[in-house]
Amino acid sequence: MIHYSTSIYPPNIKWEIKKEPVYRLLNKVEYINNFFETGEIMVSCFSKFKEYKDEMQGDKDEGEAMAWYMDSQGNVEAVKYASGINAFILSTAKTLNDRVKNDFKSEGAIKINNSTMFGYELCKQLPFVSSGIEGLCDYTDSRVRHINTDLSRKDKSGIFDFNNESDYSRMILEQSTKGFELFNKLEKYSHQEEYRFVWFSENQITNSIKINCPEAIKYCEKIIF
């Protein structure tokens, strides 16, 4: 069955996008069966990714990046920052290959046929979440990104405090990087072809959460290896 994501654009133009399946690999058949029986699924976060000892399962620098720019005097400056501290994350794979199966010691997978509707249903079950984003990860040899915007504006006291979330420069940085760091992974992970779901919460997220979302089951199929 072909699945589509549908939107309506003015003046009342219907536009459909053919959805390709993605796969949530799991290392126990029990977890797969639990999802198809009750909709039970574990959703994680960057903080947990950093704790995994297995290099192919985790990444201690996940969500971190560096942006550099040139100011009006020609000086090059760089800002190191982190993003996604308020995000729930679910990692899936675009394809099933032997390397990615081995990376996650998988016994099977949840085949997600309509990623957008799947993500939407999970969004409704996650605490204090009202928005999200999905897409393929970008694989690069660096987490450094060039931007064209000068971030050096200081507040009224003349002090530049980038760690202040209300600071003007943080807002400009977010607009300039467009969430680059949320989907950026190093080239050594490229065989995983990760398709990532990100849900933004009002709160900081430091732990995984187990939810029940039976509404998402109809968009999925069970695969046991």
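This note walks through a predicted model, from the overall fold to single side chains.

1. **The chain as a whole.** Start with the secondary structure. The protein chain has six helices and 15 strands. It has 225 residues, and 41% of them count as buried. The exposed surface of the protein chain comes to about 12800 Å². Carbon and sulfur atoms supply 50% of that area.

2. **Contacts along the sequence.** Take the contacts between residues at least 6 apart in sequence. Of these, 79% join residues at least 24 apart. Keep that in mind when you follow the strands below.

3. **Strand β13.** How many of the eight residues of strand β13 are buried? Seven of them are. The strand covers residues 194-201 and is mostly covered. Several of the side chains discussed later belong to this stretch, so it is worth finding in the viewer before you go on.

4. **Neighbours of β13.** Which strands pair with β13? One is strand β7, residues 87-93, which pairs with β13 in the antiparallel sense over seven bridges. Here threonine 92 has tyrosine 195 of β13 as its bridge partner. Another is strand β9, residues 129-136. Strands β9 and β13 also run antiparallel, joined by seven bridges. In this pairing, glycine 132 stands opposite tryptophan 199.

5. **Aromatic pairs.** A search of the whole structure gives six aromatic pairs. Look at phenylalanine 197 and tryptophan 199. Their ring centres are 5.8 Å apart and their planes meet at 10°, so this pair is stacked. The cut-off for stacking is an angle under 30 degrees. Phenylalanine 197 and tryptophan 199 are both buried. In a regular strand, side chains alternate between the two faces of the sheet.

6. **The aromatic cluster.** The stacked rings are part of a wider group. Phe197 and Trp199 form one aromatic cluster with Phe35, Phe36, Phe118 and Tyr195. Tyr195 also appeared above, as the bridge partner of threonine 92.

7. **Charges over rings.** Two lysines deserve a look. The charged end of lysine 101 sits over the ring of phenylalanine 225, 4.4 Å from the ring centre. Lysine 185 lies over the face of tyrosine 189, also at 4.4 Å from the ring centre.

8. **A buried salt bridge.** The count of salt bridges is five. One of them joins glutamate 194 to lysine 185, with the closest N and O atoms 3.9 Å apart. Are these two partners buried or exposed? Glutamate 194 and lysine 185 are both buried. Salt bridges with shared partners link Lys185, Glu194 and Arg196 into one network. Lysine 185 therefore takes part in a salt bridge and also lies over a ring.

9. **Salt bridges with more accessible partners.** Lysine 14 and glutamate 16 form a salt bridge, and their closest N and O atoms are 3.6 Å apart. Lysine 14 has 54% relative accessibility, so it counts as exposed. Glutamate 16, at 38%, is partly exposed. Lysine 18 forms a salt bridge with glutamate 20, where the closest N and O atoms are 2.5 Å apart. Lysine 18 is partly exposed at 45% relative accessibility. Glutamate 20 is partly exposed too, with a relative accessible area of 45%.

10. **What to check first.** Begin at β13, where seven of eight residues are buried. Then find the stacked pair of phenylalanine 197 and tryptophan 199. Finish with the network of Lys185, Glu194 and Arg196.

Definitions and conventions:
Residues numbered from 1 in each chain as written. Predicted model: local features only at pLDDT ≥ 70, side-chain atom pairs only at ≥ 80, totals over all residues. Heavy atoms only, no water. Phe/Tyr/Trp six-rings, centres within 6.5 Å; stacked < 30°, edge-to-face > 60°. Buried < 20%, exposed > 50% of the residue type's maximum accessible area, 1.4 Å probe, protein only. Lys NZ or Arg CZ within 6 Å of the ring centre and 35° of its normal. Salt bridge = Lys/Arg side-chain N within 4 Å of Asp/Glu carboxyl O. Helix = DSSP H or I, 4+ residues; strand = E, 2+ residues; numbered from the N terminus. Pairing = 2+ DSSP bridges. Contact = heavy atoms within 4.5 Å. Areas by Shrake-Rupley, 256 points an atom, 1.4 Å probe, with all protein chains shown as cover.
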